[in-house]
Structure formats: C-alpha cells, structure tokens
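Here are some notes to read alongside the structure, for anyone opening it for the first time. They go point by point, so feel free to jump around.

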Amino acid sequence: MLLNQLFKSISLILLFSTTSFSQDNFQSLIFNPELKKNADAIVRSSNLNYTIEARDKIVITEKRIVTVFNKSGEKHIQAVVYYDQSKTIKKLEAVILNSFGKEVKKIKKRDFLDVSVADGVSIFNDTRAKYFDYTASSYPYTVVFEAEVVSNNTAFIPQWFPVSNYYLSVEHASISIDNQTDIQLDFKENNIENYEITKLSDFNYEVNNLKAIKKEAYSPSFYQFAPSVKFALKQFSMLGVDGENNNWNEFGKWMSDKLISGTEVLPESVVNQIKSLTKEAKTDLEKAKIVYNFMQNKTRYISVQIGIGGWKPMLASDVDRLGYGDCKGLSNYTKALLDAVGVTSYYTIVYGGHDLRDIDQGFSSLQGNHAILSIPNGDQFITLECTNQTVPFGYNANFTDDRDVLIVTPSGGKIIHTKVYSVLENSQFSNAKIILDSLGGFKANLNIHSKGTQYDKYRRFEVQTDKENKLSYKNKFSDINSLEINKIKFENDKDQVVFKESVDLSVDKYVTKAGGRWILQPNVFNKFKSAPPRYTNRNLDFEIDRGFIDEDEYKFILPSNILVEALQDEVNIKNKFGEYHFSITKLDDNQLVFKRKVIINKGQFLKEEYKAFRKFRLAISKHDNSKIILKTTNN
C-alpha cells in the first residue's frame, strides 16, 4: 500500500510541479511489480540527449528519476555532474520526494557540493564533481534530477549504459544524439541483442522494464555482459586541439603528437646523472631497472590538476623538479628517463582495476582510466606501474594484468595485451614444522613463499604495524582457538618477485580429546573453509579470472604417548576447474607428513557448469577440514 501511494502521489506532483519535469517525461509511476525483485533502486526514467552543435561543442542534457528502496540503493541515484575546464554547467537541480510523494527538499545549483575527484592515479585528475548530500530518514524516497552541461571537448562522448550496475531495475531509459554537423559519428553496440532494447533511429535507443540483475559468485565483470553503446566523432576537438579518429593508429598518432610530444624534455643535469647510473649496465633491461628504481626513489604520486581535459601529462622537467606527479606525469617522466639512456618505451592507456576490462580494439575512441608504461621485450611487453614506489620492476598483477591496452608510439597507436600470470606463476608454497605437546597444543614455525598475483599481499604487510600483522594472522587462522603469534619475519625479494613469510606461533589446545583418543585436523593453516553459494537457478555464466596453485607440506612431531591408529587414503581429483591432491603419511612412530596441492584454473564457463564447479569446491572443503584419529597410551 505504501509503495502504491508513493507512485500515485508522485504522479500527481509531477503533473502539477513547477519543475521542468512533466508527466510526459516518464508516464505513469505505477510499474510492473517484477521490477522490485532484487532491486535496491529503480530508475523510473532516464533520458539522455547529446546535441553536437560543432566540432568543438556538445550539449548534454539529462533527466533522471530514481526511486530508492534502501541504503544500498543510494549509489544508483547518480545525481552528480563531473566537469573540468572544458565544461560549463548550465543547469543543475534536484527534488527529493518522500515515501508519500511529498516534496521534502529542493536542491538548487548553488546547494550542490563541489569536490575534486582526483586520486593521483586516474587519468582524469583535473575533474571535479557537483553532487548533493542527502540523509534519508525513511525509505523509499525518490530523486528527480536534471542537468545541462556544455562542453568543448568532443573527443569524449560518454558511453550509454541503460542499466549501470547490479540490483538496479530500469522502467524506462533512452538516449538520443542530434548530430548537427557534417562530421561522421561512429557507434558500436555491445550486448544489445541480449536485452529488449529498441533502436528507434540512428543514435536513438530506448529500453523499458529491465529487471534487476542479482550479482552471483564468480560473475564476470559487469561490463562484459551489460548492454551499452559507444559513440565517437571521426573529427573532434579537445580544448581547441583538433584531432582525427578513423582507427587506433590515427588516434594514437594524435595522442603522441598533441598530448605527449614536447613534454619529455629533461634538464641536462638529470640526463647526465641517469647516464652515469646506467653506464655499467650491459642490456636495455638492466638500464630499465636502474631507471625505474631511480624514479621510484625520487618521486611520489599525487593529484595534479593540469592538462587538456585531464589527458595531457605535466612536463617531465616539472616532475623532476617537484618530485611528484600523477599517473600521466610519472609515466611520461619515466619514459623521458628511458629515452635518455636509449631504451624504447611507450606511454600506455589502460583500464586499471581488479576487473579485467579491455580497451575496445574494435572501436577507437577516448577510453581508459589510467596511464602506465610499456617496454618491448621480444614479442612481449614489460609493464611499469609508475605510481607505486614499492612495486617490483615489471610487476602488474591484479591491476593492469591480462587486458588489452593502447600503446602510444610516434607512428601511431596500437592495441597490445598485457602480461597474463599463469596458474603456476600465481603460487603459494608453505611448509611448517608442528610440534604437538602432551596436552594437545602445539608450537610451529610456518614459512610461506608467494609469487604472481599472490605476491601482492606484500603491500598490506609492509605498511601495517607488527600488532596489525599479528591480528591479520589471527583473523586468517580464526578457526584455531587461543592462537598466539609469537614472532613474524618478512622478506620481500623484489628481484625474484617473491614475498616470504616466517611465522612462529603456538596454541594451548588444538586437538579434540575423546576418551583415550585425539582428533586432529592435519590441514592446520591453509584450508578452503566453505564452498561457493548454491543457486537453484543460476542466471549468469561464471568466470575464474586468475588461476592459482597452492602447495602445503606440514611435518607433525607427535609426543611419545601418541600412536597413529589409522590414516586417510590419498585423495586425487582432477577436472576442467582444477586439481586437488591430499595425502598424509607416517614417517616413524612419532612423525606424520601432510601434503596438499590445490590448482584452480583460469577460465570462462557456462552457467550450467556452475553446479559441477561447486561440487568440486565442496569436495576440497570437505577434505581440507577432515580429521584423523590418534590414540593415547599410558606412557
């Protein structure tokens, strides 16, 4: 009843409202109840219009109405405008309606908060945002938002996502582009065929009644399956700098000539210094490592509000003088240093993040959110992350690995693929000597060597205090009661890219006693404690984006009053999802050796295969948590 009242009340308010929204903007507010299923919010209406008035002028208008059902739904409001020196905000307003459809707040342009969204890593470092801050006293409530922005940056026409995230349903969404110039406007549709999206005419789409998508375990990146349309002008302007865009080669040539060229000049003293540091190096790779170490020790990254639309790096000489820069500036500075010692490298645009998101090699346009550096190495490329002052040379796991990126060369742009870390590279090897005492407790020394994507844990451990690191281990081994972490030692081998942990720990009571027997769980430190969730009807295909291998070996020294009655049989499982091997053997009267190996394969799989994958993971969890029985004697 409350929701029905809300929708009817909003209809009346919008019919008689003095705002520019009318009932025609989004029709009736009584919607299909199926849209409420799995939804934290509903986009009642989203109407986007781009008017391209000239090569250097585009007008963007947006009318968006969102009903929010809970706290989680507030991220779907998107009543925000991003702007920089290329954009002018002509109109900005919002209206808040409560659960009865009554207007409770009207937010004018001057009431919006104005903040920088720069983080020092992202390309868009001179971008600001205007948004409003509203704390709801009750749910549901509705936000009516309207904005108009004029931009002289036509290099970037925002991609249209009719549904932008999980747990969001859409009653109505549309986009229309009015190209008033004779410049060709290109477009590319993605996943449109999988949704009931109507193409009304060229550059005019609409969709109605899109149900909310529930996120499922191991779902691929939302960008991989969500419907969207990209747009790009063949001839564009960025703050007065004109460009041509018929393919990636041409677009990359524009970036090289107009954004990069002229920014790489270094002071002669710095050139002489870096040449002196590398004079004994025998290969380009050795030189590159010295240069990278020099850059890391000399600079730090911060937000820099400078450049054409957030895309032009600051001068390499300024980075050197100031000792800081953003992703663009630091990557360009490192490139300038490498140029000085004769090592080829390429300024590179990428979508950075844990999700594997590619630059679309089939559609040239302004894409990406991060800048890195790529060094040719045979038929591969070494990636340098220049914003991190601790990362090893060439290490890019979990942020820029395994994705298509754009390298910018003097002769043009080219799409390449960054390093893919194999299952065997993403390894963790552990061994432990565990001495059980007569009371059922133990003392142990645990050693762990991690590589590839698993090496990345060094970032956390090296910045935490000793107290915080001890707490991290206690949380990791939370199933062991009364655990004490006595001593921790780390070694970060950046040359071999191996992170080594040595942990001394103890526990008063580990085994479970039952009469004259002990019940011991041999997998002490590295177990799969649970399996992926069960779905009666899974809706999405699933993906394991990064495979890995774990190998563990623990030697148990038993007290003299303990005998081994029986041991489990060896377990070997192998399928398309990976492998699992488990064994426990007796060396002599008072020693046992536990061995375990888990391989999880990288891959994309159909939703129909999820049940088999879950069964595999359940089997691992079952054996990981299994126990053996030991017998006590009177000695």
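1. A word on names before anything else: helices here are DSSP runs of H or I with at least four residues, numbered from the N terminus. With that in hand, Arg-321 can be placed in helix α6. Keep in mind throughout that this is a predicted model.

2. Staying with Arg-321, is this residue buried or exposed? Exposed means over 50% relative accessible area, and Arg-321 comes out at 58%, so it counts as exposed. Its side chain has a polar contact of 3.1 Å with the side chain of Asp-318. If you want a feel for the scale of the model, look for Ile-197: it sits 124 residues from Arg-321 in sequence, and the two C-alpha atoms are 53 Å apart in space.

3. Next, have a look at helix α4, residues 268-277. Which of its residues are buried? They are Val-270, Val-271 and Ile-274. Looking down the axis of α4, these buried residues fall within an arc of 100°, so they line one face of the helix. The general rule behind such patterns is that an α-helix has 3.6 residues a turn, so residues three or four places apart point the same way.

4. What about the other side of α4? The face turned away from the buried side carries the exposed residues Glu-268 and Ser-269. As for what covers the buried residues of α4, the list includes α5 (284-298), α6 (316-322) and α7.

5. Helix α7 turns up again in the largest nonpolar core, which has 83 residues. Phe-442, Phe-525 and Phe-556 have the most contacts inside that core. Helix α7, residues 327-340, gives the most to this core, with six residues. There is also a second, separate core of 51 residues, and Val-81, Ile-89, Val-143 and Leu-168 are among its members.

6. Phe-525 deserves a click of its own. What does it touch, leaving aside residues up to four places away in sequence? Its partners include Phe-442, Phe-477 and Tyr-554. Ala-432, Ile-434, Ala-444, Leu-446, Ile-480 and Leu-505 are also in contact with Phe-525.

7. Over in strand β1 (residues 41-54) you'll find Asn-47. With a relative accessible area of 18%, Asn-47 is buried, because the cut-off for that label is under 20%. Where do its side-chain polar contacts go? One, of 3.0 Å, is to the side chain of Ser-45, and another, of 2.7 Å, is to the side chain of Ser-174.

8. Now some backbone details to check. The peptide bond between Tyr-139 and Pro-140 is cis, with omega about -5°. Pro-140 belongs to the loop between β7 (128-131) and β8 (141-151).

9. Two residues have a positive phi without being glycine. Asn-398 has a phi of about 75°, while Ser-482 has one of about 55°. Asn-398 is in the loop between β21 (380-384) and β22 (404-409), and Ser-482 is in the loop between α9 (466-476) and β26 (483-493).

10. How do those two residues sit with respect to the surface? Asn-398 has a relative accessible area of 14%, so it is buried. Ser-482, at 43%, is partly exposed.

Conventions
Residues are numbered from 1 along each chain as its sequence is written. This is a predicted model: local features need pLDDT of at least 70, side-chain atom pairs count only at pLDDT 80 or more; totals for chains, interfaces and linings use all residues. Side-chain values use heavy atoms; hydrogens and water are left out. Buried means under 20% relative accessible area, exposed over 50%, partly exposed in between (1.4 Å probe, protein chains only). A nonpolar core is a set of buried Ala, Val, Leu, Ile, Met, Phe, Trp, Tyr and Cys residues joined through side-chain atoms within 4.5 Å. Contact means heavy atoms within 4.5 Å. A polar contact is a pair of N or O atoms within 3.5 Å; within protein, one must be able to donate a hydrogen and the other to accept it, and residues adjacent in sequence count only if both atoms are side-chain atoms. The arc is that of the directions from the helix axis to the C-beta atoms.
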